[in-house]
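Please open the model in your viewer and keep the sequence panel beside it. The stops below move from the whole chain to one sheet and then to the helix lying across it.

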Amino acid sequence: MTTEDVRRIDMKVEVLVLPVGDVERAKEFYERLGWRLDPTPPGVVQFTPPGSACSVQFGEGLTDAEPGSAKGYLVVADIVAARDALLAAGVEVGEIFHDGPGGREAGLDPDRGTYRSRTTFADPDGNQWLLREITSRLPGRVDPAEATFSSAGDLAAALRRAEAAHGEHEKRTGERDVNWPDWYAEYMVAERTGTELPT
């Protein structure tokens with residue numbers, strides 16, 4: 001079998017194992033996040049974040065890794081709304097930051113650029129989660145035939161961005177665009193798949 005043969009086989013990340021020291025304490029924390037508690041065999045606790053195709057598991061004897069040694073990335077469409085929701089759920093969340101010309105800088109990316117704004121939080125064992133605002137994928141990251149939205153909130157955020165961009169489009173053209181649904185659709189698919197945005 002060649003590398004090309006392997007590339008034709010779908011391999012989707014299904015579950016990541018988190019090392020925790022206290023299973024019940026970790027379960028309470030991830031329930032507070034609003035993640036879905038999935039049915040599992042005895043001794044395994046599994047949660048799935050909203051809109052995610054990948055879940056996390058923990059339990060006695062599932063891993064030899066040191067509790068608190070894991071790090072994961074969570075993608076959100078609106079980092080301010082996500083941070084506010086976590087704070088309201090009683091989770092300690094760091095301040096939002098972005099990468100500037102001189103390195104890490106406080107606050108949102110000034111242009112609200114995709115992949116730019118971040119914040120972090122940890123579970124009770126110290127496993128780190130980095131929240132990253134991604135509104136448009138880098139080219140090649142998403143198959144255009146699979147430009148789907150993972151939740152109603154994800155779709156609503158994309159519609160709001162399309163609405164704002166369409167407003168700028170109408171300002172440039174100086175006229176009302178009666179075909180705005182087509183423009184919205186083109187914009188949202190292009191943003192999702194990392195292809196050129198309509199102007």
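A residue counts as buried here when its relative accessible area is under 20%, with a 1.4 Å probe and protein chains only as cover. By that criterion, 38% of the 199 residues of the chain are buried in this predicted model.

Begin with the whole chain selected, and display its C-alpha trace, which spans about 65 × 50 × 35 Å along its principal axes. Switching to a cartoon shows 5 helices and 9 strands, which follow the pattern α-β-α-β-β-β-β-α-β-β-β-β-α-α along the sequence. If you turn on a surface, the chain exposes about 12100 Å², of which carbon and sulfur atoms supply 52%. Colouring by charge then picks out 22 positive and 35 negative side chains, and the centres of these two sets lie 2 Å apart.

Next, select the open sheet of 4 strands, whose order is 1-4-3-2 and whose pairing is mixed. Strand 1 (15-17) and strand 2 (36-38) stand at its edges with a single partner strand each, so one side of each has no neighbour in the sheet. Looking across the sheet, you should find a twist that averages 30° from one strand to the next.

Now zoom in on strand 1 together with strand 4 (residues 55-58), a pair that runs in the parallel sense over 3 bridges. Within this pair, label Leu-16 and its bridge partner in strand 4, Val-56.

Finally, add helix 2 (residues 23-32) to the selection: this helix lies across strand 2, strand 3 (45-48) and strand 4, and runs at about 15° to strand 3.

How values were computed:
Residues are numbered from 1 along each chain as its sequence is written. This is a predicted model: local features need pLDDT of at least 70, side-chain atom pairs count only at pLDDT 80 or more; totals for chains, interfaces and linings use all residues. Side-chain values use heavy atoms; hydrogens and water are left out. Helices (H or I, at least four residues) and strands (E, at least two) are DSSP runs, numbered from the N terminus. Buried means under 20% relative accessible area, exposed over 50%, partly exposed in between (1.4 Å probe, protein chains only). Accessible areas come from the Shrake-Rupley method with a 1.4 Å probe; for residues, only the protein chains shown count as cover. Lys and Arg count as positive and Asp and Glu as negative; His and the chain ends are not counted. The place of a charge is taken as NZ of Lys, CZ of Arg, CG of Asp or CD of Glu. Two strands pair if DSSP finds at least two bridges between them. Axes are lines fitted to C-alpha atoms, for helices over the stretch in contact, and angles run from 0 to 180 degrees between N-to-C directions. Contact means heavy atoms within 4.5 Å.
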